[in-house]
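Take a walk through this protein, from its overall build down to single side chains. Keep the coordinates open as you read.

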Amino acid sequence: MQQSNLYIVIFTAIMTIIVGGALSLTSIVLGPAQKRSIELDTKSQILNAVTDKVKIDKGTDILALYDKRISSLVVDFNGNEITKDEKGNPIVAENVDILRNFKRAAADRQYPIFRLMNDNNPEEVEAYILPVYGNGLWDRIWGYVALDPEFQTILGVAFGHKAETPGLGQRIETPEIQNRFKGKKIFDEEGKLVSVTMVKGEAGGGGEGSIKMFQERPHQVDGLSGATLTAVGVNKMLETYLSAYKNYFNKLNAEKISAL
């Protein structure tokens with residue numbers, strides 16, 4: 001039997017209210033769990049950049065370990081610490097939206113810094129972990145770069161991506177590729193920031209062969225076979241963000257010298 005237009009309107013309105021209410025309730029119930037999941041993922045990535053200094057086992061409480069070992073702050077492009085935004089709200093490094101900042105001009109971004117503190121001496125910094133962001137072949141790529149306290153040597157990296165090609169560009173998130181960056185220098189002998197570059201192609205054949213081939217090249221690592229554009233994205237990402245953090249490096253080094 002054909003229903004009247006009034007019946008259809010009332011039925012549609014009721015179903016809209018029921019479905020909308022169910023979705024709202026689901027969002028309220030699952031919201032805290034989703035927020036905790038995002039927090040856990042972010043802090044895990046930060047700690048993964050310093051796995052040589054932080055022991056992470058299968059049963060490790062990541063959030064507790066993070067709270068114990070990581071101290072954070074946010075600086076502007078000039079290397080000055082900032083604690084409040086334009087509206088006077090507190091700025092928390094862990095809450096800085098890296099993607100939103102990436103869309104801004106470099107001079108207008110907020111730059112989080114995560115400091116790995118010594119397990120036995122909470123006043124001693126063992127590493128500075130810096131978030132980086134850029135474009136890969138298909139979509140966004142990102143990562144965390146850990147530097148030694150003198151801002152010279154890479155202690156580790158943790159890269160991620162949204163949609164790089166499986167088996168090719170996607171390899172940037174594997175330990176095999178990330179291990180190539182350990183021990184590399186971001187400044188040359190004259191003190192110029194040169195970053196670290198993935199070369200075109202994969203001459204070393206992967207694995208230990210790639211690491212061994214580039215042992216004597218402090219500013220280069222072996223590339224990605226079949227994923228040149230992803231490697232180019234990684235190179236630009238590192239150069240852009242390390243250059244942006246350079247003012248903070250200089251400022252902190254000057255403070256160290258004046259304190260002697």
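Exposed here means over 50% relative accessible area, buried means under 20%, and partly exposed covers what lies in between. The model is predicted.

Keep those cut-offs in mind for a first pair of charges. Asp67 and Lys43 join their side chains in a salt bridge, at 3.9 Å from N to O. Asp67 belongs to helix H2 (residues 62-69) and Lys43 to helix H1 (residues 5-48), so the pair ties together parts that are 24 residues apart in sequence. Its two partners sit in contrasting surroundings. Asp67 has a relative accessible area of 57%, so Asp67 is exposed. Lys43 has 10% relative accessibility and therefore counts as buried.

Now step back to the whole chain. The secondary structure comes to six helices and seven strands. Along the sequence, the pattern runs α-α-β-α-β-β-β-β-α-β-α-β-α. The C-alpha atoms fill a box of roughly 85 × 45 × 40 Å along the principal axes. Of the 260 residues, 38% are buried. Consider the contacts with a separation of 6 or more: residues 24 or more positions apart account for 55% of them. The accessible surface comes to about 15000 Å², and carbon and sulfur atoms hold 54% of that area.

Go next to helix H1 and its nonpolar side chains. Leu6 lies in this helix. At 59% relative accessibility, Leu6 counts as exposed. Leu6 also helps to make a nonpolar surface patch of about 850 Å². The other members are Tyr7, Ile8, Ile10, Phe11, Ile14, Met15, Ile18 and Val19.

What about charge? The protein carries 30 positive and 32 negative side chains. The centres of the two sets lie 3 Å apart. Side chains of opposite charge can pair when their charged atoms come close. How many salt bridges does the count come to? The count comes to 11.

Which residues are linked with Arg171 in a network of salt bridges? They are Glu176, Arg180 and Glu202. Start with Glu176. Glu176 forms a salt bridge with Arg171, and their closest N and O atoms are 3.1 Å apart. Glu176 is partly exposed, with a relative accessible area of 30%. Arg171 is buried, at 14%. Turn to Glu202. The side chains of Glu202 and Arg171 meet in a salt bridge at 2.8 Å, N to O. This pair links distant parts of the chain, 31 residues apart. Glu202 is in the loop between strand E6 (197-198) and helix H5 (207-213). Arg171 is in the loop between strand E5 (154-161) and helix H4 (175-178). Glu202 has 18% relative accessibility, so Glu202 counts as buried.

Finish with the backbone. Most residues other than glycine have a negative phi. Where does Phe151 lie? Phe151 is found in the loop between strand E4 (140-147) and E5. Phi of Phe151 is near 60°, a positive value in a residue other than glycine. At 1% relative accessibility, Phe151 counts as buried.

Ser195 also deserves a look. Phi of Ser195 is near 60°, again a positive value in a residue other than glycine. Ser195 has its place in the loop between H4 and E6. Is Ser195 buried or exposed? With 2% relative accessibility, Ser195 counts as buried.

Key. Residues numbered from 1 in each chain as written. Predicted model: local features only at pLDDT ≥ 70, side-chain atom pairs only at ≥ 80, totals over all residues. Heavy atoms only, no water. Salt bridge = Lys/Arg side-chain N within 4 Å of Asp/Glu carboxyl O. Helix = DSSP H or I, 4+ residues; strand = E, 2+ residues; numbered from the N terminus. Buried < 20%, exposed > 50% of the residue type's maximum accessible area, 1.4 Å probe, protein only. Patch = residues over 30% accessible without salt bridge, like charges linked within 9 Å, V, L, I, M, F, W, Y side chains within 5 Å. Areas by Shrake-Rupley, 256 points an atom, 1.4 Å probe, with all protein chains shown as cover. Contact = heavy atoms within 4.5 Å. Lys, Arg positive; Asp, Glu negative; His and termini not counted. Charge placed at Lys NZ, Arg CZ, Asp CG, Glu CD.
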